[in-house]
Every structure is written in C-alpha cells, then in structure tokens.
Amino acid sequence: MDHVQQHEKVIVIDFGGQYNQLVARRVRECSVYCEIYSYRTPLEQIRAMQPKGIILTGGPNSVYTPDAAVCSPELFSLGVPVLGLCYGAQLMQHVLGGQVERAPEREYGKTEVILDEPKSALFDGIASPTTCWMSHNDYISRIADGFRVTAHTANCPVAAAEDAARGLYAIQFHPEVLHTEHGFEMIRHFVLDICGCSGDWRMDDFAERTIEELRSRIGDGKVLCALSGGVDSSVAAVLLAKAVGKNLTCVFVDHGLLRKNEGDMVEEVFGPNGPYDLQFVRVNAQERFYKKLAGVTEPERKRKIIGEEFIRVFEDEAKKIGRVDYLVQGTIYPDVVESGLGGESATIKSHHNVGGLPDYVDFKEIVEPLRNLFKDEVRKVGRHLGIPEKLVSRQPFPGPGLGIRIIGEVTAEKVRIVQDADAIFREEMEKAGLDRTASQYYAALTNLRSVGVMGDERTYDYAIALRSVNTVDFMTADVTEIPYTVLKTTMNRIINEVEHVNRVFYDITSKPPATIELE
Ligand code: XMP
C-alpha cells in the first residue's frame with residue numbers, strides 16, 4: 001500500500017541472520033518506518049527507495065569464502081548512513097579494504113564491551129564498559145582506511161568502528177537483542193541522530209490513512225473476508241468495515257474446534273448486534289468437520305482435512321454471496337518475510353499455512369491492509385480502532401484449533417471435555433495474573449485413559465495435559481513456572497467439574513525438544 005511511500009524509511013538489508021526481523025522491529029520502535037530486503041536486491045532499487053539509513057544484518061557466512069553473501073561497494077557511497085551489525089560489520093570492513101579473519105576463539109554470549117570513544121554519536125551517553133550480546137567466529141583484524149576503532153573486548157580488538165564523516169558504522173555485537181543492555185539506545189542514536197529521521201511513524205495515523213486508502217481503492221466494490229476471530233483477521237476486518245461498510249461480508253466458519261464460547265464472542269463483536277456496519281455470516285459447520293475427522297488419528301492428516309474442509313465451507317458461502325471483487329487476507333509483515341518475499345530468512349512453516357487460497361472464489365484482487373505491520377503494531381491498530389481487548393490481546397491459536405489439541409481421533413465429546421478443562425485453566429491463570437506473562441497456554445486432551453476412583457466407583461477416564469510456555473518468537477520456548485497452588489486448584493476444578501477426566505498432567509518440556517502444540 002502506498003501510504004508508506006510518503007514516510008521516511010530505513011532499510012534493513014538481510015544477510016540471513018536469525019535476528020533480522022528484530023532489527024526492523026527496533027527501528028519501528030523508534031517510530032521510524034522500516035522494511036527488510038534481501039542482500040540480492042539491486043543497488044538501483046535501494047537508491048530509488050531513498051532510504052534515510054541502511055542497516056546490514058548479521059548472517060551465517062564468512063566474508064572471505066567464495067559463496068559469501070555480499071553487497072556492492074557503492075552501497076557505502078550513496079550518501080546514506082550505513083550501520084553494519086555482526087556479519088554486516090565484517091562485510092563493510094571487507095568491502096572497504098579492511099581485513100576479516102577467523103578468530104582464534106569464538107565469542108558467544110553476554111560480553112563486556114569497552115567503549116573507547118564515548119563521544120561516538122552511536123554510544124552517546126552510554127557508560128563503559130557495557131554488556132553486549134556477541135555471536136561470531138570471524139573478527140575484524142584490520143579496519144578499513146578512514147575508520148577508527150570505537151570499542152573493543154578482551155578477545156576482540158574491533159567490537160565497533162566508525163567513519164563518522166562518511167556516516168559508516170560497524171558493530172560486531174547485536175544491539176537488536178535485549179541481552180545487549182543499551183542496544184536499543186544505540187539503534188535509536190543511529191536512526192534518529194545519525195540518519196536524522198524525525199520519528200513520525202505512528203500507528204494512530206496508520207488506521208485513518210489506511211481506511212481512506214481502502215475506501216478510494218475499493219469504491220463500491222464487494223469485499224469478502226474470512227474471519228477467524230484471531231487478531232490479524234479481526235483488525236483487517238474492522239479496517240475494511242470502516243472503509244466500505246455493508247459492502248464487506250465477513251464469513252466466520254465455526255469448525256467446532258474453537259475454545260469454549262469463542263464463536264459467540266466473535267459474533268458479539270462482528271455480528272448484527274455488534275458495533276460494526278458489515279454483513280456477518282456465521283457458519284455452524286461443526287458436524288461437517290466432525291464427520292470428516294471421524295476415525296482420523298494422524299496429526300498432519302487432521303491438519304490437512306481441517307484446512308481443506310475450511311476452504312470448501314468458505315467457498316460454499318462465497319457462492320451464496322455472489323459477486324466478489326476483493327478478498328481480504330490478514331497477512332502481516334513476518335508472513336511476508338518468512339515466505340521469502342521480503343528478506344532472506346525463508347523459514348516457511350508449511351504446516352501453519354493450512355488450506356491456502358480458496359480457488360473457487362473468483363475475485364479481482366487481494367487486499368492485505370496489514371502487510372507491512374508487525375504483530376505488536378497490529379495490536380496497537382486494533383486498540384486504536386476500539387476492538388475489545390480480549391480480541392486484541394488474544395494468544396496465538398492454531399488454525400486447526402482443538403483438532404491438534406486432542407491427541408488421536410476427534411469427537412464431539414472430546415471437544416466438549418477439552419473446551420471445559422481449557423476454560424477452567426484459563427480462568428485460574430487469569431486469577432493468578434499469569435495471563436500477563438505467559439505467551440500461550442491451554443489444556444489438551446491426551447489419548448491416555450487410565451483407571452481412577454471417584455467416590456466409591458472405579459473410573460476409566462481421560463487425562464488432561466496442561467501446557468503453558470513463555471517465548472518471544474515461538475520458535476523456542478520455556479515452560480511457565482506456574483506456582484504449585486495454581487496447578488493444584490486447576491487440577492481440583494477440572495476433576496470436579498469436567499466429566500470423564502480423572503487425571504491432570506502439567507507438561508514441563510521446553511521447545512525443543514517438544515513443540516508448543518501437542519500435535
Ligand atoms: P509449534 O507447535 O510448532 O507451534 O511449536 C508454534 C506456534 O505455531 C502455532 N501452530 C499453528 N498455527 N496452524 C496454525 O495456524 C497450525 O497447524 C499450527 N501448529 C502450531 C502454535 O499454536 C504456536 O503458537
């Protein structure tokens with residue numbers, strides 16, 4: 001969308017490092033718009049974007065190997081400040097005539113960095129020594145002409161170097177990760193002081209501007225949106241509703257694998273009694289899904305069936321609606337980057353993109369109003385638009401829903417059991433205030449039935465597994481340290497209130513080796 005064109009922008013050039021999205025997020029946290037591009041992007045294209053600054057990220061390569069990811073030397077003479085991080089710093093030195101070699105010792109983890117030039121604009125106001133996050137095998141053994149060393153560590157003679165006259169800055173450590181104590185300040189110094197950005201990228205104007213743009217782009221076209229009740233599709237739907245009103249139809253498919261009362265919550269917000277002026281269609285397709293899932297136990301097959309059935313139901317509804325000009329997708333920036341369209345880190349999580357596009361629906365164009373935003377920015381827009389907090393701060397919930405939280409065959413009865421147990425667990429987590437810190441938590445139904453006693457009777461019932469993780473990126477996760485009393489209350493309530501459960505487990509496995517979902 002072209003609203004971003006008018007904004008000053010910083011470009012992150014991606015060399016394949018693991019923290020690259022974090023770099024862009026930090027820049028956005030300075031209220032400066034930022035986009036990620038692969039190092040393969042032609043120089044002309046970068047010049048045409050008129051960036052106010054360029055940041056080169058870390059990456060897995062060594063600059064001196066033949067297949068290394070490189071950049072054109074002209075990148076450093078565009079008259080635009082450049083900050084190189086880790087591999088980006090080594091590459092800057094290598095391209096401009098310095099030397100990079102294999103270090104005698106790998107430096108990894110929190111490291112004391114001694115600032116040699118406290119007057120450096122990058123380190124302004126930061127006391128030396130300062131703790132920084134290091135992760136490198138190679139090191140800069142000789143700096144390029146015109147540079148001076150501005151920081152070092154016990155093992156690394158060049159932890160930072162700069163040629164302030166040319167606006168070139170090289171940092172061996174990672175200011176973008178939170179382990180670097182003053183990392184955010186360093187990025188802010190670069191973006192605001194060195195690049196001279198004014199920091200006027202605001203989520204508040206984003207909503208109004210986007211609504212205006214959608215209105216003029218769509219005119220009186222007909223728009224269709226598949227609403228899941230998740231943050232992204234909800235925010236996208238509200239933007240569209242505000243832009244085109246009744247020309248937007250939201251189809252919400254209740255596949256019978258949602259959490260307890262979730263379908264009603266979505267209907268409360270988007271349905272005819274809610275605050276928005278749109279057409280809302282709720283499809284209660286529970287039976288259709290349960291029928292398809294009968295007898296199926298293999299997780300990937302369940303995912304596939306649920307994804308495909310979802311598309312079929314959606315198509316059936318679209319047929320009833322008739323003409324569709326635009327299809328709304330709740331794509332967000334990490335989806336763009338991860339599918340290889342933005343940066344270099346193409347980690348495609350295929351199993352997460354169950355289904356794909358409904359090929360039956362005949363539409364002119366896709367509308368993706370959140371394509372340039374990170375998740376936390378989407379939430380900000382949602383709050384600005386007045387979407388209820390329980391929707392805006394919702395945890396991630398997998399597309400296949402409870403289908404992958406019920407191990408083995410899915411049945412209506414099992415869905416009821418896991419929904420009830422999950423609702424109790426969520427209540428107890430909220431009471432304990434743990435909902436504010438845990439990233440994702442839920443109850444799952446294991447396939448284990450075992451013997452118990454209830455009153456004077458012998459039972460043969462299911463075991464519920466509770467799971468709760470703390471994570472930043474959902475790629476790795478730690479288990480939440482839930483106080484024993486909370487676990488005990490949850491267990492007691494589940495046993496007393498949910499029929500056919502006679503054991504409750506708490507899964508204390510981190511990811512890896514486990515995953516967040518049980519299937
Ligand atoms: P895992 O289980 O892979 O989960 O550790 C990482 C994150 O992804 C979510 N997840 C899914 N989301 N469809 C989705 O839309 C899926 O099939 C799926 N599987 C896992 C999971 O909830 C967690 O947030």
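Which residue forms a salt bridge with E267, and how far apart are the closest N and O atoms? The points below take up that pair first and then turn to other parts of this structure, which is a predicted model.

1. The partner of E267 is R282, and the closest N and O atoms of this salt bridge are 2.7 Å apart. The pair links distant parts of the chain, since R282 belongs to strand 12 and E267 to helix 7, with their positions 15 residues apart in the numbering. R282 counts as partly exposed because its relative accessibility is 23%, and E267 is likewise described as partly exposed, with a relative accessible area of 31%.

2. A second salt bridge to look at is the one in which the side chains of E309 and R288 meet, at 2.8 Å from N to O. Here too distant parts of the chain are linked, for E309 is in helix 9 and R288 is in helix 8 (residues 286-293), 21 residues apart. The two ends of this pair can be described separately: E309 is buried, with a relative accessible area of 6%, whereas R288, at 35% relative accessibility, counts as partly exposed.

3. A third salt bridge brings together the side chains of D420 and K260, with a distance of 3.0 Å from N to O. These residues are 160 apart along the chain, D420 being in helix 13 (residues 412-431) and K260 in the loop between strand 11 and helix 7 (262-270). D420 is buried, because its relative accessible area of 16% falls under the 20% limit, while K260 has a relative accessible area of 36% and is partly exposed.

4. How many salt bridges does a search of the whole structure find? The search finds 40 of them. Some residues are joined in a network of salt bridges, and the members of this network are E427, E428, K431, R493 and E497.

5. The next feature is a sheet, and it is useful to recall that strands of a sheet pair through backbone hydrogen bonds, either parallel or antiparallel. In this model five strands form an open sheet, arranged in the order 12-11-10-13-14, and their pairing is parallel. Strand 12 (279-284) and strand 14 (365-367) are the edge strands, each of which pairs on one side only. From one strand to the next, the twist averages 25°.

6. Within this sheet, strand 13 (residues 326-328) and strand 14 run parallel and are joined by three bridges. For a reader who wishes to find this place in the structure, V328 stands opposite V367, which is in strand 14.

7. Helices also lie against these strands. Helix 5 (residues 203-218) lies across strand 10 (223-227), strand 13 and strand 14, and runs at about 165° to strand 14. Helix 9 (residues 299-321) packs on the sheet as well, where it touches strand 10, strand 11 (248-254), strand 12 and strand 13, and its direction makes about 145° with that of strand 11.

8. Is F147, a loop residue, buried or exposed? F147 is found in the loop between strand 6 (130-142) and strand 7 (148-152), and it counts as buried because its relative accessibility is 9%. When its neighbours within four places in sequence are left aside, F147 is in contact with M92, Q93, L96, A161, E162, D163, R166 and L168. One of these, L96, is 51 residues from F147 along the chain, and the C-alpha atoms of the two are separated by 9.9 Å.

9. Another loop residue, S31, is found between helix 1 (20-29) and strand 2 (33-38), and with a relative accessibility of 18% it counts as buried. Its contacts, leaving aside neighbours within four places in sequence, are with G199, D200, W201 and R202.

10. The last point concerns cysteines, and the term to keep in mind is that a disulfide is a covalent bond between the sulfur atoms of two cysteines. A search of the whole structure finds zero disulfides. C132 is in no disulfide, and the nearest cysteine sulfur, which belongs to C156, is 11 Å away; C132 counts as buried, at 0% relative accessibility. The sulfur of C197 is 5.3 Å from the closest cysteine sulfur, in C195, and this is too far for a bond because a disulfide needs the two sulfur atoms to be within 2.5 Å. C197 is buried, with a relative accessible area of 6%.

Terms used
Residues are numbered from 1 along each chain as its sequence is written. This is a predicted model: local features need pLDDT of at least 70, side-chain atom pairs count only at pLDDT 80 or more; totals for chains, interfaces and linings use all residues. Side-chain values use heavy atoms; hydrogens and water are left out. Two strands pair if DSSP finds at least two bridges between them. Helices (H or I, at least four residues) and strands (E, at least two) are DSSP runs, numbered from the N terminus. Axes are lines fitted to C-alpha atoms, for helices over the stretch in contact, and angles run from 0 to 180 degrees between N-to-C directions. Contact means heavy atoms within 4.5 Å. Buried means under 20% relative accessible area, exposed over 50%, partly exposed in between (1.4 Å probe, protein chains only). A salt bridge is a side-chain nitrogen of Lys or Arg within 4 Å of a carboxyl oxygen of Asp or Glu.
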